[in-house]
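Please open the model in your viewer and keep the sequence alongside it, with residue selection at hand. The tour below moves from one selection to the next and says what is to be found at each stop.

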Amino acid sequence: MMLTEKLEQLKAIFAEMEQALIAYSGGVDSALVAKIAYDVLGDRALAVTAVSPSLLPEELEDASLQAATIGIPHQIIETHEMENPNYTSNPVNRCYFCKSELHDTLKPLAQKLGYPYVVDGVNADDLHDYRPGIQAAKERGARSPLAEVGITKMEVRELSVQLGLSWWDKPAQPCLSSRFPYGEEITVAKLQRVGRAEIYLRKLGWQNLRVRSEGDTARIELPPEQIKSFVLNTDLQTIVSAFQEFGFMYVTLDLEGYSSGKLNRVLNQQSLSVKA
């Protein structure tokens, strides 16, 4: 199916909805959904961003600026997944409890405000990854128009360019809890130090990155092609000192480079062990 046809199908979905509340993180996926929803529904579309310790402050600022650029009404709410030990104990299905909290908050809000649908930014590629949060959203009746139409991540970026969205190439930015290996307890303090470390590196010009946290160790992940430049052109000791001020004891650089979902490899190993 041509991308233009998929775009028309997206528009038709929103036209049928008549009103929609968008679970809006400010990422490129949910921003595209918000843009199309607003183009079709105008003020009958509402973007809602959930704030918690797992969201970088700069991501909230970006979400607000992007919503203002689109023109869509934007509301900010708080979620309290950090109060749920099923979440903070960081099991392999941690994302299920995060999205449960999100949609258990959004659904009553939508009903109160008269929105019959809650919509998220899940795309077709997400359906092929380990995403337990998708199940939680479906159980609560949320819809995923991008996935319904079969729009991939690459097509999300292509459509964003076509629609004039300047953030079309924005790196993916999942919640900060994804920086910790499964089984390591998540605390507000740990989330804050990871967030401060990533913001620090971005201010130095390194945009597409992760700071993985394991115990007292920070592991910096950069695209493989940027590793040499990082080592040669960065004052490494200054970075180590900054990270130690944030609360880390050790700072390492991942020589393999950045890879989305790297911490999920342990799931494949566990699966192989069970089969053996």
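What follows is a walk through a predicted model, going from its sheets to a group of aromatic rings.

Begin by selecting strands β3, β2, β1 and β4, which in that order make up an open sheet of four strands with parallel pairing. At its edges you will find β3, residues 74-78, and β4, residues 118-119, each of which pairs on one side only. Now narrow the selection to β2, residues 45-51, and its neighbour β3: the two run parallel and are joined by five bridges. Within this pairing, show T49 and look across to β3, where I76 stands opposite. Adding residues 57-70 brings in helix α3, which lies across β2 and β3 and runs at about 155° to β3.

Next, move to the open sheet of three strands, ordered β5-β6-β7, where the pairing is mixed. Its edges are β5, at 210-214, and β7, at 250-253; each has a single partner strand, so one side of each is left without a neighbour in the sheet. On average, and with direction ignored, neighbouring strands here are turned by 25° against each other. Select β6, residues 217-221, together with β7 to see a parallel pairing over four bridges, in which R219 has T252 of β7 as its bridge partner.

Two helices that pack on this sheet can now be added. Helix α9, residues 188-203, touches β5 and β6, its direction making about 150° with that of β5. Helix α11, residues 236-246, touches β5, β6 and β7, and its direction makes about 130° with that of β6.

For the last stop, turn to the aromatic side chains, among which a search of the whole structure finds six pairs. How do the rings of Y200 and F243 meet? Their centres are 6.4 Å apart and their planes stand at 80°, and because an angle over 60 degrees counts as edge-to-face, the pair is edge-to-face. This pair links distant parts of the chain, since Y200 belongs to helix α9 and F243 to helix α11, 43 residues apart. Y200 is partly exposed, at 22% relative accessible area, whereas F243 is buried, at 0%. Keep F243 selected and add F246: the ring centres are 6.0 Å apart with the planes at 45°, so this pair is tilted. F243 and F246 are three residues apart in helix α11, and therefore separated by about one helical turn. F246, with a relative accessible area of 15%, is buried. Finally, show F248 as well, for ring pairs link Y200, F243, F246 and F248 into a cluster.

Key. Residues numbered from 1 in each chain as written. Predicted model: local features only at pLDDT ≥ 70, side-chain atom pairs only at ≥ 80, totals over all residues. Heavy atoms only, no water. Pairing = 2+ DSSP bridges. Contact = heavy atoms within 4.5 Å. Axes fitted to C-alpha atoms, helices over the stretch in contact; angles between N-to-C directions. Phe/Tyr/Trp six-rings, centres within 6.5 Å; stacked < 30°, edge-to-face > 60°. Buried < 20%, exposed > 50% of the residue type's maximum accessible area, 1.4 Å probe, protein only.
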